[in-house]
Amino acid sequence: MTAAACSSSTDSAAADADSVTVGNQWIKAADAGMSAAFADVTNRSDHEIRIVEATSPASARMEIHEVVVADGGKVMRPKAGGLVIPAHGSATLKPGADHLMFIDLKAPLRTGTQIPVTVKFADGTSTTFTGQVRDFAGNQENYAPTGDGSAPAHGG
């Protein structure tokens, strides 16, 4: 994985972006609407690190999502507080669980293409990784947005 870190911290401690590696990253192919990015995120630091935001030129916006069981089924929703990566630990973004959600795709995500994703950490630093788009038909959760609930279901 190639990640470009952007450090804006002037503190002598290592910036969060410098302590995180991203591996096994991929993105679900989609024609329009929504999609999702998945990866293994590892924290080499002595403190927990929190991903608080994600962006990509592939979509109008992105959200950090979780999948929970509610009303007898799986529901996807924004993850309050972002994604925590424990000290000397890792977090897995995978179908049917935590993931980075692309909302309002600007163009189809075609199998084999490479899509950049930038994640921002709680300390203000960020890193960018590239995920390859893959076909994936599983996990058709319902989307439970924090707003009016008018968003369609997605397959992430």
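1. The nonpolar core. In this predicted model, the largest nonpolar core comprises 29 residues, and the members with the most contacts inside it are I27, I51, L100, F102, V117 and V119. The element that gives the most to this core is strand 10, residues 114-121, which supplies four residues. Another core, of five residues, lies apart from it and has M34, V67, M101 and I103 among its members. As general background, nonpolar side chains tend to be buried together in soluble globular proteins.

2. The chain as a whole. The chain contains 12 strands and zero helices, so that, read from the N terminus on, the order of elements is β-β-β-β-β-β-β-β-β-β-β-β. Of its 156 residues, 43% count as buried. Among the contacts with a separation of 6 or more, 66% are between residues 24 or more positions apart. The exposed area of the chain is about 7500 Å², and carbon and sulfur atoms supply 48% of it.

3. The aromatic residues. The structure holds two aromatic pairs. In one of them, W26 and F38 are tilted with respect to each other, with 4.6 Å from centre to centre and 40 degrees between the planes. Because W26 belongs to strand 2 and F38 to strand 3 (residues 34-43), this pair ties together parts that are 12 residues apart in sequence. W26 has a relative accessibility of 12% and therefore counts as buried, the cut-off being under 20%, and F38, at 1%, counts as buried too. W26 also forms an edge-to-face pair with F136, for which the centre-to-centre distance is 5.5 Å and the angle between the planes is 65 degrees. This second pair links distant parts of the chain, since W26 is in strand 2 whereas F136 is in the loop between strand 11 (126-134) and strand 12 (142-143), 110 residues apart. F136 has a relative accessibility of 31% and so counts as partly exposed. Taken together, the ring pairs link W26, F38 and F136 into a cluster.

4. The surroundings of E66. E66 is a residue of strand 5, which spans residues 59-70. Is E66 buried or exposed? Its relative accessibility is 15%, and because buried means under 20%, E66 counts as buried. The side chain of E66 makes a polar contact of 2.8 Å with the side chain of R77, and a further polar contact, of 3.5 Å, joins the side chain of E66 to that of K79. Leaving aside residues up to four places away in sequence, E66 touches V75, M76, R77, P78, K79, A97 and D98. R77 thus appears in the contact list of E66, in a side-chain polar contact with E66 and, within strand 6, as the bridge partner of E66.

5. The hairpin of strands 5 and 6. Strand 5 and strand 6 (residues 73-78) run antiparallel and are joined by six bridges. Two residues lie between the strands of this hairpin, in which D71 takes a positive phi near 50 degrees.

6. Other residues with a positive phi. Most residues other than glycine have a negative phi, and it may be useful to inspect the following two with that in mind. N24 is not a glycine, yet it has a positive phi of about 55 degrees; N24 is placed in strand 2 and is exposed, with a relative accessible area of 57%. D104, likewise a residue other than glycine, has a positive phi near 60 degrees. D104 is found in strand 9, residues 99-105, and is partly exposed, with a relative accessible area of 46%.

7. Q25, next to be considered in strand 2. Q25 lies in strand 2, which covers residues 20-28, and counts as buried at 12% relative accessibility. A polar atom of the Q25 side chain lies 3.1 Å from the backbone oxygen of T130. Strand 2 therefore holds the buried Q25 as well as the exposed N24 and the buried W26. As a general point, the side chains of a regular strand alternate between the two faces of the sheet.

Definitions and conventions
Residues are numbered from 1 along each chain as its sequence is written. This is a predicted model: local features need pLDDT of at least 70, side-chain atom pairs count only at pLDDT 80 or more; totals for chains, interfaces and linings use all residues. Side-chain values use heavy atoms; hydrogens and water are left out. Buried means under 20% relative accessible area, exposed over 50%, partly exposed in between (1.4 Å probe, protein chains only). A polar contact is a pair of N or O atoms within 3.5 Å; within protein, one must be able to donate a hydrogen and the other to accept it, and residues adjacent in sequence count only if both atoms are side-chain atoms. Contact means heavy atoms within 4.5 Å. A nonpolar core is a set of buried Ala, Val, Leu, Ile, Met, Phe, Trp, Tyr and Cys residues joined through side-chain atoms within 4.5 Å. Accessible areas come from the Shrake-Rupley method with a 1.4 Å probe; for residues, only the protein chains shown count as cover. Rings of Phe, Tyr and Trp (its six-membered ring) pair if their centres lie within 6.5 Å; planes under 30 degrees apart count as stacked, over 60 as edge-to-face and the rest as tilted. Two strands pair if DSSP finds at least two bridges between them.
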